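Here are my notes for your read-through, set out as numbered points. I have kept to what can be checked in the viewer, so do have it open beside you.

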Amino acid sequence: MSSTLRIRARTLAHAAAAAAALAPALADAQVYGYSPIVVAGATETLARGINAAGQVVGSSTTGGTGYRGFVYSAGTFSLLDAPGAAATEAFGINAAGQIVGTSATAAGNVQGFLYSGGAFSAITVPGADLTNPYGINAAGQIVGTYNDAAGRTFSFIDNAGTFGAINVPGSIATMARGINDAGAVVGSYTDRAGGHGFLYDAGAFTSFDVPGAALTFATGINSAGQIVGTYFGATGFAGFLYSGGVFTTLAVPGSGFTEASGINDAGQIVGWSGGAGQPTSGFIATVLPGTAVPEPSALALLGVGLVGLGGAAARRRRSSTA
């Protein structure tokens, strides 16, 4: 029942200035160690979000059964099932332990939810055919996506029940996935050249791509402005960390693919990996002793090394259509 987002395409019309024209680097150094997060008996475990206390949320499945949400805290798993649901997926958790996600009935009716104080409440964008909440910050602001009756994908921010739009101008689909405590939002959007990451901060969008990647999907951001996500390149899917103007590849050793989904203020990263004969398993990644990641600067430094959106759009028009 995974809430899969369809990638579609259109030219980006919004333009934003870059601070410099230096190409950002893609670091190859292995600076992270990976610890598995696996629900006992599950054939697939997906770690989706992590809060400042190190609590992890996600979903797992056993065989052909539906997904069940989970909370992983201090080495212990607690399962999370929405009332009356045949499947439940947890995507984001904040410092207060509030959780957002989706659930589905046996008939396939999908519903967004907020789990707070031991109770589930519905999250539904007015008029939407489908609502997927993905991220929640300390103030309780929630971001996610919704589909209209025609199947088009848009993004929203929910402030205590008041919904606002977050859509990259000119894009066909915008997918907001993460929000930090300052209200900065990350996600991805699609145009004719493929999928790109974006940062939405103080009312302005900044686009970015992992160097050499065909697709870039941003999914999490912490208070320091460090961003994580997944990209598709020559060797398949891998996770990334964007920090201080540098992209670092995240890849679980021996796996066929790695996807990064969330990051907390301590720099701990969660996601999942699999393939190459391995089951799909969640992980938590931490910096190895004696190594360092670039210190993040202000969020405005996302512009450093990233070509302005107007120039990027021109180059994409010259490239083949995805």
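A definition to begin with: buried means under 20% relative accessible area, exposed means over 50%, and partly exposed lies in between, with a 1.4 Å probe and protein chains only.

1. **Ground rules.** Please keep in mind that this is a predicted model, where local features need pLDDT of at least 70 and side-chain atom pairs count only at pLDDT 80 or more, while totals for chains, interfaces and linings use all residues. Residues are numbered from 1 along each chain as its sequence is written, and side-chain values use heavy atoms, with hydrogens and water left out.

2. **Overall make-up.** The chain has one helix and 25 strands; helices (H or I, at least four residues) and strands (E, at least two) are DSSP runs, numbered from the N terminus. Half-buried is a fair label here, as 50% of the 322 residues count as buried. Taking contacts between residues at least 6 apart in sequence, 46% join residues at least 24 apart, where contact means heavy atoms within 4.5 Å.

3. **The β7 to β10 sheet.** Four strands form an open sheet in the order β7-β8-β9-β10, with antiparallel pairing; two strands pair if DSSP finds at least two bridges between them. One side of β7 (87-93) and one side of β10 (119-123) are left without a neighbour in the sheet, because each of these edge strands has a single partner. From one strand to the next, the twist averages 30°, with axes taken as lines fitted to C-alpha atoms (for helices over the stretch in contact) and angles running from 0 to 180 degrees between N-to-C directions. Strand β9 (residues 110-116) is joined to β10 by five bridges, and the two run antiparallel. If you want one bridge to look at, Ser 116 has Ala 119 in β10 as its partner.

4. **The β11 to β14 sheet.** Another open sheet of four strands has the order β11-β12-β13-β14, again with antiparallel pairing. Its edge strands, each pairing on one side only, are β11 (130-136) and β14 (162-165). Here too the twist averages 30° from one strand to the next. Between β11 and β12 (residues 142-147), which run antiparallel, there are six bridges. Asn 132 stands opposite Thr 145 in β12.

5. **Asn 51.** What does this loop residue touch beyond its neighbours within four places in sequence? Asn 51 is in contact with Ile 93, Asn 94, Ala 95 and Asn 264. Asn 51 sits in the loop between β3 (44-50) and β4 (56-61), and counts as buried because its relative accessible area is 2%. Its C-alpha atom is 8.7 Å from that of Ala 96, 45 residues away along the chain. A polar atom of the Asn 51 side chain lies 3.1 Å from the backbone nitrogen of Ala 53. The side chains of Asn 51 and Gln 55 make a polar contact of 2.8 Å. A polar contact is a pair of N or O atoms within 3.5 Å; within protein, one must be able to donate a hydrogen and the other to accept it, and residues adjacent in sequence count only if both atoms are side-chain atoms.

6. **Thr 280.** This residue belongs to strand β25 (residues 278-287). Thr 280 counts as buried because its relative accessibility is 17%. Setting aside neighbours within four places in sequence, its contacts include Thr 43, Leu 46, Phe 257 and Trp 272.

7. **Nonpolar cores.** A nonpolar core is a set of buried Ala, Val, Leu, Ile, Met, Phe, Trp, Tyr and Cys residues joined through side-chain atoms within 4.5 Å. The largest has 14 residues, and Ile 227 and Phe 240 touch the most other members. Elements giving two or more residues to this core are β19 (215-221), β20 (227-233) and β21 (236-243). The largest share, three residues, comes from β21. Another core, of twelve residues, lies apart from it and includes Tyr 32, Tyr 34, Leu 250 and Ala 285.

8. **Aromatic pairs.** There are 15 aromatic pairs in the structure. Rings of Phe, Tyr and Trp (its six-membered ring) pair if their centres lie within 6.5 Å; planes under 30 degrees apart count as stacked, over 60 as edge-to-face and the rest as tilted. Phe 156 and Phe 163 are edge-to-face, at 5.6 Å centre to centre and 65° between the planes. Phe 156 is buried at 1% relative accessibility, whereas Phe 163 is partly exposed at 27%. Tyr 242 and Phe 247 form a tilted pair, because their planes are at 55°, with ring centres 4.2 Å apart. Both Tyr 242 and Phe 247 are buried, and they form one aromatic cluster with Phe 208 and Phe 240.
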